Amino acid sequence: MVRLGANLRIRIITFTLLAYCLSITGALILAQFGDGCQRRLKAVLKCSAKDIQTVVIKPYPEYGTPLVTQEVTITDHNDIEAICEALNLAKPHPPNHPQTMWQAVVELHNKTRIVSFYVTKTMDEKNGTLVYIFSHITYGWLYGVFRSDELGTTLERIVKTRRSSKPSASP
């Protein structure tokens, strides 16, 4: 029978536990970036206006100025179509120290589910309007950052139109 020294036993146990932890972590990462990631990216970047019933713009004041101060629900088909077209044109983009002008969380509602993502318009031309797709709306695994200046312009137009169409309070 071979006798193992105390140090060697500790090393074997340590490496066994480390291998076990790494395999569990690897499995979790693969599960996170597997089919769920692709479904989420497709749901946002390949959305179709005929599948989307409503779009909701939500305030997100966490890191700066929110685009809206209260939820804005969009049901107009032309606006939904413009949002989907802008998302379909989004391209992968490596952000370079973006400074936020405004930000929002956008929800796409279809018949079976809601898909949310984070949008920020930056103060510079090198970043433009950025769409962040995380595993959990504004945090978690970052599935990708995409640039869509058209989306920023479209959301600003919709919000501005909504604000100007509200009746002003009379004294």
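**Salt bridges and a buried threonine: worked exercises**

Arg157 is partly exposed, with a relative accessibility of 40%. Keep in mind that this is a predicted model.

**Exercise 1.** Find out which residue forms a salt bridge with Arg157, and where the two partners sit.

*Solution.* Start with the charged partner: Arg157 pairs with Asp79, and their closest N and O atoms are 3.3 Å apart. Next, place both ends. Asp79 belongs to helix α3 (residues 77–88) and Arg157 to helix α4 (residues 149–165), so this pair links distant parts of the chain, 78 residues apart. Finally, check the surroundings. The cut-off for buried is under 20% relative accessible area, so Asp79, at 13%, counts as buried. Arg157, at 40%, is partly exposed.

**Exercise 2.** Take the salt bridge between Glu71 and Lys58 and work out which parts of the chain it ties together.

*Solution.* First, the distance: the two side chains meet at 3.7 Å, N to O. Second, the locations: Lys58 is in strand β1, while Glu71 is in the loop between β1 and β2 (72–74), so the bridge ties together parts 13 residues apart in sequence. Third, the exposure: Glu71 comes out at 48% relative accessibility and Lys58 at 25%, and each counts as partly exposed. Last, look for further partners: Lys58 and Glu71 are joined by Glu107 in a network of salt bridges.

**Exercise 3.** Decide whether Arg147 and Asp149 are buried or partly exposed, and give the distance of their salt bridge.

*Solution.* Begin with the bridge: the closest N and O atoms of Arg147 and Asp149 are 2.9 Å apart. Now hold the accessibilities against the 20% line, under which a residue is buried. Arg147 has 21%, which makes it partly exposed. Asp149 has 30% and is partly exposed too. For the overall tally, the model has 5 salt bridges.

**Exercise 4.** Describe the setting of Thr54: which strand holds it, how accessible is it, and which residues does it contact?

*Solution.* Step one, the element: Thr54 is part of strand β1, which covers residues 52–59. Step two, the accessibility: at a relative accessible area of 18%, Thr54 is buried. Step three, the contacts, leaving out neighbours within four places in sequence: Thr54 touches Thr73, Ile74, Thr75 and Ile80, as well as Glu107, Leu108 and His109. One link back to Exercise 2: Glu107, a contact of Thr54, is also in the salt-bridge network with Lys58 and Glu71.

Conventions. Residues numbered from 1 in each chain as written. Predicted model: local features only at pLDDT ≥ 70, side-chain atom pairs only at ≥ 80, totals over all residues. Heavy atoms only, no water. Helix = DSSP H or I, 4+ residues; strand = E, 2+ residues; numbered from the N terminus. Buried < 20%, exposed > 50% of the residue type's maximum accessible area, 1.4 Å probe, protein only. Contact = heavy atoms within 4.5 Å. Salt bridge = Lys/Arg side-chain N within 4 Å of Asp/Glu carboxyl O.
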